[in-house]
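Work through the two exercises below with the model open. Each task is followed by its solution.

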Amino acid sequence: MTAALDPGEQHTRFVEWAEENGVTINGIAPARFVDRGMGIVAAKDLKKGDQLVHVRNTSLVHVALPSIKNLKLPDHITVHGKLAASLAIWYSDPSHKDYQLWQDVWPTQQDFRSTMPLYYPKAAQDLLPHAAHLLLTAQQSKLEKDWQSIRAHVSAAGVTRDLYTYTWLIVNTRTFYWSYPDLPTSSPKLPKKRSRLTTDDCYAMCPFMDYFNHSDVGCDPQHDSKGYSVRADRAYKAGEEVFVSYGPHTNDFLLVEYGFILADNTNDAIPLDHLLLPLLDQDQVRALKEDGFYAKYTLFPASPTVCHRTQAVLRLLVLDSKRYAAFVSGDDDGSREQGKLNGYLSGVLMKYSRQIMEILEDVERLEGVEGDGETRSEEDMEESGLERTGTQGVRAEQRDVLLRRWRQIRDLVNAAVEELGR
């Protein structure tokens with residue numbers, strides 16, 4: 001059990017504020033963990049099913065709040081973008097004190113610079129695993145779109161890109177799914193009519209609940225029209241950390257979206273598209289697209305090692321088109337040639353394993369900096385955005401997480417090769 005340390009006076013003040021503002025806390029408390037930052041610890045022995053925290057619906061922060069509606073942000077801006085803009089405006093306004101104590105316990109900008117790939121120097125970003133790099137590119141695009149759509153509306157309030165990036169990441173890492181169940185369908189406060197809400201519309205921030213760290217097995221947050229709550233998924237001893245589950249996510253997703261990876265993640269997986277798609281010719285690509293089996297090939301850490309889609313593409317690569325057609329139509333389970341297919345995939349993976357060893361050497365050669373390294377000026381940020389990070393040294397934390405992630409991928413690939421050879 002990792003020792004839980006006193007979180008500090010600012011966290012004590014925030015807990016008092018939270019309890020005065022609609023948050024009910026039972027038997028848990030924030031704590032600081034060595035090398036892992038803040039989390040939630042059991043303050044006493046807990047039983048399975050105990051309600052640990054309830055955040056009243058009126059204490060949630062979402063775009064239907066009058067205080068956000070009153071900012072009159074344009075309707076075309078995304079919910080993520082509106083929340084980030086609202087937090088940035090409040091953060092930069094000394095007269096706005098409503099959420100000051102909550103803001104005081106957020107991760108700092110320097111915390112994000114150390115952990116979030118969005119802030120990695122380009123040299124480190126280029127060495128992210130393929131899946132993580134794709135996720136980061138999509139994240140950068142979303143941030144840029146949100147900033148450009150909101151920039152003219154928040155500049156007068158003193159919101160810089162640097163601040164907006166920070167609050168955008170606060171929203172990205174600390175929101176929960178909220179479908180506005182406390183509002184009638186016809187409510188003008190809804191960003192859209194409930195029947196038309198998408199996942200991207202359903203963002204809410206839950207003060208205090210955002211202390212919980214993630215585990216692939218943990219408490220399952222639940223919401224209804226009264227608010228958000230967490231109940232113990234099992235019994236906990238006093239002093240034990242209490243986790244929630246953010247969902248079944250791979251370590252590449254957790255790294256890009258939240259800035260961490262798990263040592264043991266039962267939901268981890270490795271996409272194989274970047275290894276298998278280049279092996280296809282145009283006719284094979286056409287056939288896979290027509291049959292709905294193009295891309296999304298995955299390698300898992302436990303049996304079955306590869307998904308059904310991967311089995312399909314392997315048959316097209318190794319066998320004749322008739323054998324492939326029989327497999328995807330369900331007329332043949334393809335077991336007769338499985339050994340041959342396993343051998344082919346094993347060869348692809350062994351080649352990838354050698355590439356991983358070269359990548360690990362490249363990561364180890366990254367030049368690090370002590371402490372926070374170079375601090376970018378606001379002019380640099382405005383001129384070139386996050387691309388400016390390419391001029392900075394790689395931090396030890398960034399290099400270490402890259403090494404750990406690539407070693408995980410190496411071990412998963414090598415284990416798959418061994419499994420395929422049985």
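**Exercise 1. Characterise the interface of domain 1 and domain 2 in this predicted model.**

Step 1: polar contacts. Three residue pairs, both at pLDDT 80 or more, are in polar contact between domain 1 and domain 2.

Step 2: elements. On the side of domain 1 that touches domain 2, helix 5 (109-115), helix 6 (122-125) and helix 7 (130-154) each give two or more residues.

Step 3: classes. That side of domain 1 has nine nonpolar, three polar and two charged residues.

Step 4: salt bridges. The cut-off is 4 Å from a Lys or Arg side-chain nitrogen to an Asp or Glu carboxyl oxygen. By this rule, zero salt bridges cross the interface.

Step 5: area. About 1300 Å² is buried between the two domains, and 69% of it lies on carbon and sulfur atoms. In domain 1, P121, L127 and P129 lose the most area to domain 2; together they make up 42% of what that side buries.

Step 6: placement. The assignment gives domain 1 as 61-205 and domain 2 as 270-369 + 390-421. Their contact takes 14 residues from domain 1 and 18 residues from domain 2. The C-alpha centres of the domains are 34 Å apart.

**Exercise 2. Which strands stand at the edges of the five-stranded sheet?**

Step 1: read the order. The sheet is open, runs 1-3-4-11-8 and has mixed pairing.

Step 2: find the edges. Strand 1 (4-5) and strand 8 (213-219) each have a single partner strand, so one side of each lacks a neighbour in the sheet.

Step 3: check one pairing. Strand 8 runs parallel to strand 11 (residues 241-244), joined by three bridges. H214 stands opposite V244 of strand 11.

Technical notes
Residues are numbered from 1 along each chain as its sequence is written. This is a predicted model: local features need pLDDT of at least 70, side-chain atom pairs count only at pLDDT 80 or more; totals for chains, interfaces and linings use all residues. Side-chain values use heavy atoms; hydrogens and water are left out. Domain bounds come from an automatic or database domain assignment. Contact means heavy atoms within 4.5 Å. Buried area is the accessible area (1.4 Å probe) that two parts lose on being put together, summed over both. A polar contact is a pair of N or O atoms within 3.5 Å; within protein, one must be able to donate a hydrogen and the other to accept it, and residues adjacent in sequence count only if both atoms are side-chain atoms. Helices (H or I, at least four residues) and strands (E, at least two) are DSSP runs, numbered from the N terminus. Ala, Val, Leu, Ile, Met, Phe, Trp, Tyr, Cys and Pro count as nonpolar, Asp, Glu, Lys and Arg as charged, and the others, Gly among them, as polar. Two strands pair if DSSP finds at least two bridges between them.
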